[in-house]
Every structure is written in C-alpha cells, then in structure tokens.
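Here is a short tour of one protein model. Keep the sequence and the 3D view side by side as you read.

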Amino acid sequence: MARMQPYFLRASMLVTLVALPVLVLTQSGGQVSDRARQLHDRAIVVDSHDDTTQRLVYDKTFKIEARNTNGNIDIPRMREGGLDALFFSIWVPSDVTGPPAVKKALDQIDAVREAARLHPNDLLLATTAADIRRAAAEHKIAALMGMEGGHMIDDDMRLLRDYAALGVRYLTLTHFKNNNWADSSTDKPAHNGLTAFGKDVVRELNRLGVMVDISHVADKTFYDALAVTTAPVIASHSSCRVIANHPRNMTDDMLRAVAKNGGVVMINYHAGFLSEEFRVASEKKSGNIVAKMDAMSKKCGGNEACTTMEGERIDHEAMMSGELPKVSWEKIIEHIDHAVKIAGADHVGLGSDFDGATMPLGMEDASKLPKITDALLKKGYSEADVQKILGGNILRVMEQVERVAQGGGKAPTTQR
Ligand SMILES: [Zn+2]
C-alpha cells in the first residue's frame, strides 16, 4: 500500500484501469520475444506485495475469478502474466489501532483464506516455499499473506503467534506512521528505531518462520532490525532512493546491508517511488487534482478499496492530461538494474504494490509482467539471473527463514 492517510499527505496514488483489453491482447503477442515468454513461463514468478485484499473485503463489485475492468489483479490477468505466487497484503491504516485493527486484520485473513477455498482450481493457500513450488507444479497460483504494519499485533506477542498460525508469512514492522515499538520512514522519530519490545518482535518472527519486512520503516529501524535478526530480511515493496528520493526507498548503503544479510529487496512499481519527477510533482498537486481527490474521498467515505480504485483513476487521468508527469514501466527496469548493480542479482525481486499504488504506463496490470523478463534479457541478463529476480531469490529467503525457525530461531545469520 503506497497510500498515506489522510490521502492528501500521500506521495500519490494509483493508476490503472479502465478498458485496457486491447493492450492486454496485443501484449503477449508482439511486445515480448518468444524466448522471454518461454523463460517467464518456466520461471516461478512471485510478487511479494499486492493490496487486492482490500477489494476482496470491501469492494462488492470485485470478482477475483473474473477479468475486471479496473484494478491490477485477478485470476485471468495473473494467468496471462504468468504470475505464480502473490502475497496478499493484510493492511489496516496506521491510525486504526487496538481491537478494531485486530478485527479488520482477521477479516482480511479470512477473505484470503476463503478466496483460496472457493477457487481450488486456481488458487492454493501457501505458507512455505515448498507450497509455492507445489502450486506451480499443479498449475495453480500460490496465495500467501503478508501483514503490512506492526500496529495490527496490538503490542501483544500472542496475536503475532496467532497471525503466524493463520498463515501470515511476513510482518512489515511499520506502515506510514510509527507504532508503539518502531519508527516509520514517514513519521517523526519517536523511538530511535526499534524499542526493546520491537527487537523481541524481530526475534519472535525469526522463531516463528515469519519474514521480517523492512519496507516502510525508518532507516534507524532498518539497521536495528538487521542487527537483531538471525534470518534474512525482505523489503517487500521498496525501490531505490538514489533514483527517486523518497524515504520509502532504499539507499545504496541499505541495499548493500540487505545483500550482506542474505535478504532480498522487492522492487515497488508505484510511480511516485520510481520517478523523482513524478514524486516532486505529485507532492505539489494542482488545485484541480486536489479538488477531484476531495470529492472522491467524500464519495468513498473511508472505503479503502473505493479510495484506491478512484484515486488510481484520477492519477491516471492526470498523467494522460499532462497534469502529472508520465512515468513509463521501463523505470521498473532501471530500479531493478540499479539494485542488481549495488546488491547483486541474488538480492533483488518484484514487489509490485498492485491494487495499492499508481502503476506506471505500460504496467497497468499483472498481465504485463512478461515485459519485465523481456527487458532484462534485452539488457543482457542471464536466464539464471532473470529467474532469480522473478522469484528464485524470495524462494531462497523463505527457505532460509524456515530453516532458522526449525532451528528454534537461534541459528546464526544464514547465507555466507
Ligand atoms: Zn506499503
């Protein structure tokens, strides 16, 4: 979820939508080489961050089994784009805390589990790397869960264990605001990183085999988490700060630190995290866009799925009319390539933020994913490296995190 609350503080929002069937039909034909399509189909493609859960719970028009005319994700478009596994985000806004946040989190966990139960020919509820491989072998899409924001544990380690038991496989330590034990990258420092309880949360995550996700956290929280964890970490949806200077993105030093830890940085496709020009312009939105957002906010009345879909439409229209700079999907490749240069091809992956962010032009939905494989091959990447970036790296990290948990959480830092 790239959105901030309230919406006018956001870096920006989503794009997507509207009637792209023609583009979709031509995409798998002309724009992608046969070699890329074959490699893409052979690879296990994993996306570590999708906000589609908001639609499952709060959008009565959404059917995951149908090809929808808005949003970025559904079964037909995942199939078309060769997406083999996705982490459904369990996300509650940072300002919803305590029991209401827990209730909302449980509603969303239930929605993901029910989606898998009701579509057994297409989805397989997965909690391990082996489950993802099994789903791919059975030509199903692995449905996983990541929890975006430590405030949902309500400062209670028992809830963390409950969420893990229900299948949550990563915890993003914060969302856009600080919680009681960790500082966020988009809030004023309150704890100097992680508190003693926050460090215990990291240790408990290691013990449970739940990945520590450092997307969204303050830089100090990032370094504190790395100092405590005995397993590799992930950045489930973050891009490169040297290209787009947003605190949600990773500095080169952070990229190197994740590589040393054995973890993986999953590149976010949000236009405001990809393009510095878009980021700056979207922070000074015109009165016209602000007025449209105001009207939309009133109309949606706090329904997050509505806010996302409508905000996406407004940002997309602003890009097309020139009110906001146009951002091409090729910026995703620029970020992947930079992260690979700094951290190495073993430490980079894909964390789209689909259904929660402003997609760049040309990456309107999951059906466009083979273009990434095609572009990396054209850049001279080896097939082995492309397969790692598409999903091999996050599978390796999951296996290492599972091994640390099996060792009781006391194993030394993996990799090396
Ligand atoms: Zn997010």
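Which residue takes a positive phi just after α10? It is G262, with a phi of about 90 degrees. This report returns to that helix below. The model is predicted.

## The overall build

Start with the whole protein. It holds 17 helices and nine strands. Its C-alpha atoms fill a box of roughly 55 × 45 × 45 Å, taken along the principal axes. For 416 residues, a compact globule would have a radius of gyration near 22 Å; the protein has 19 Å, which agrees.

Burial comes next. Of the 416 residues, 59% count as buried. Contacts also reach far along the chain. Take those between residues at least 6 apart in sequence: 78% of them join residues at least 24 apart.

## Strand β4 and its partners

Strand β4 spans residues 141-148, and eight of its eight residues are buried. I141, A143, M145 and M147 point one way from the strand. A142, L144, G146 and E148 point the other way.

The pairings of β4 are set out here, together with those of β8.

| Strand pair | Sense | Bridges |
|---|---|---|
| β2 (residues 85-91) and β4 | parallel | seven bridges |
| β3 (residues 123-125) and β4 | parallel | three bridges |
| β4 and β5 (residues 168-172) | parallel | four bridges |
| β7 and β8 | parallel | two bridges |
| β8 and β9 (residues 348-350) | parallel | three bridges |

Some bridge partners help you find the pairs on screen. W91 has E148 in β4 as its bridge partner. L124 has A142 in β4. From β3 the chain crosses to β4 through helix α6 (residues 129-137), and this β-α-β crossover is right-handed. On the way to β5, M145 stands opposite V168. Here too there is a right-handed β-α-β unit, made by β4, helix α7 (residues 157-166) and β5.

## A143 and the core

Which residues have the most contacts inside the largest nonpolar core? They are A85, I132, A143, V265, A339 and V348, in a core of 124 residues. Helix α17 (residues 383-406) gives the most to this core, with nine residues. In soluble globular proteins, nonpolar side chains tend to be buried together.

Look at A143 more closely. Set aside its neighbours within four places in sequence. A143 is then in contact with L86, F88, V112, A115, A116, L123, L124, L125 and A126. A143 is also one of the buried residues of β4.

## Helix α10 and strand β8

Now go back to α10, which covers residues 252-261. Its buried residues are M254, L255, V258, A259 and N261. Why do they sit on the same side of α10? They cover an arc of only 165 degrees around the axis, which puts them there. An α-helix has 3.6 residues a turn, so residues three or four places apart point the same way.

What covers the buried residues of α10? The cover includes two helices, α9 (219-228) and α15 (330-343). It also includes two strands, β7 (234-235) and β8 (264-267).

Those two strands flank the helix in another sense: β7, α10 and β8 make a right-handed β-α-β unit. A235 stands opposite V265 in β8. On the other pairing of β8, M266 stands opposite G349 in β9.

Both faces of β8 are covered. V264 and M266 are buried on one side, and V265 and I267 on the other. V265 also appears among the core residues with the most contacts.

## M211 in strand β6

One last stop is M211, which lies in strand β6 (residues 211-213). Is M211 buried or exposed? M211 counts as buried, because it has 30 C-beta neighbours inside 10 Å.

Which residues does M211 touch, not counting those up to four places away in sequence? They are R169, Y170, V233, I234, V397 and V401. R169 and Y170 fall within β5, which spans residues 168-172. V397 and V401 fall within α17, which spans residues 383-406.

For a sense of distance, compare M211 with I372. The two are 161 residues apart in sequence. In space they are 25 Å apart, C-alpha to C-alpha.

Note on methods. Residues are numbered from 1 along each chain as its sequence is written. This is a predicted model: local features need pLDDT of at least 70, side-chain atom pairs count only at pLDDT 80 or more; totals for chains, interfaces and linings use all residues. The radius of gyration is taken over C-alpha atoms; the globule rule is 2.2 Å times the number of residues to the power 0.38. A residue is buried if 20 or more other C-beta atoms lie within 10 Å of its own, exposed if 12 or fewer, and partly exposed in between; C-beta atoms are placed from the backbone. Two residues are in contact if their C-beta atoms, placed from the backbone, lie within 7 Å. The arc is that of the directions from the helix axis to the C-beta atoms. Two strands pair if DSSP finds at least two bridges between them. A crossover is right-handed if, with the strands pointing away from the viewer, the path from the first strand over the helix to the second runs clockwise. A nonpolar core is a set of buried Ala, Val, Leu, Ile, Met, Phe, Trp, Tyr and Cys residues joined through C-beta atoms within 7 Å.
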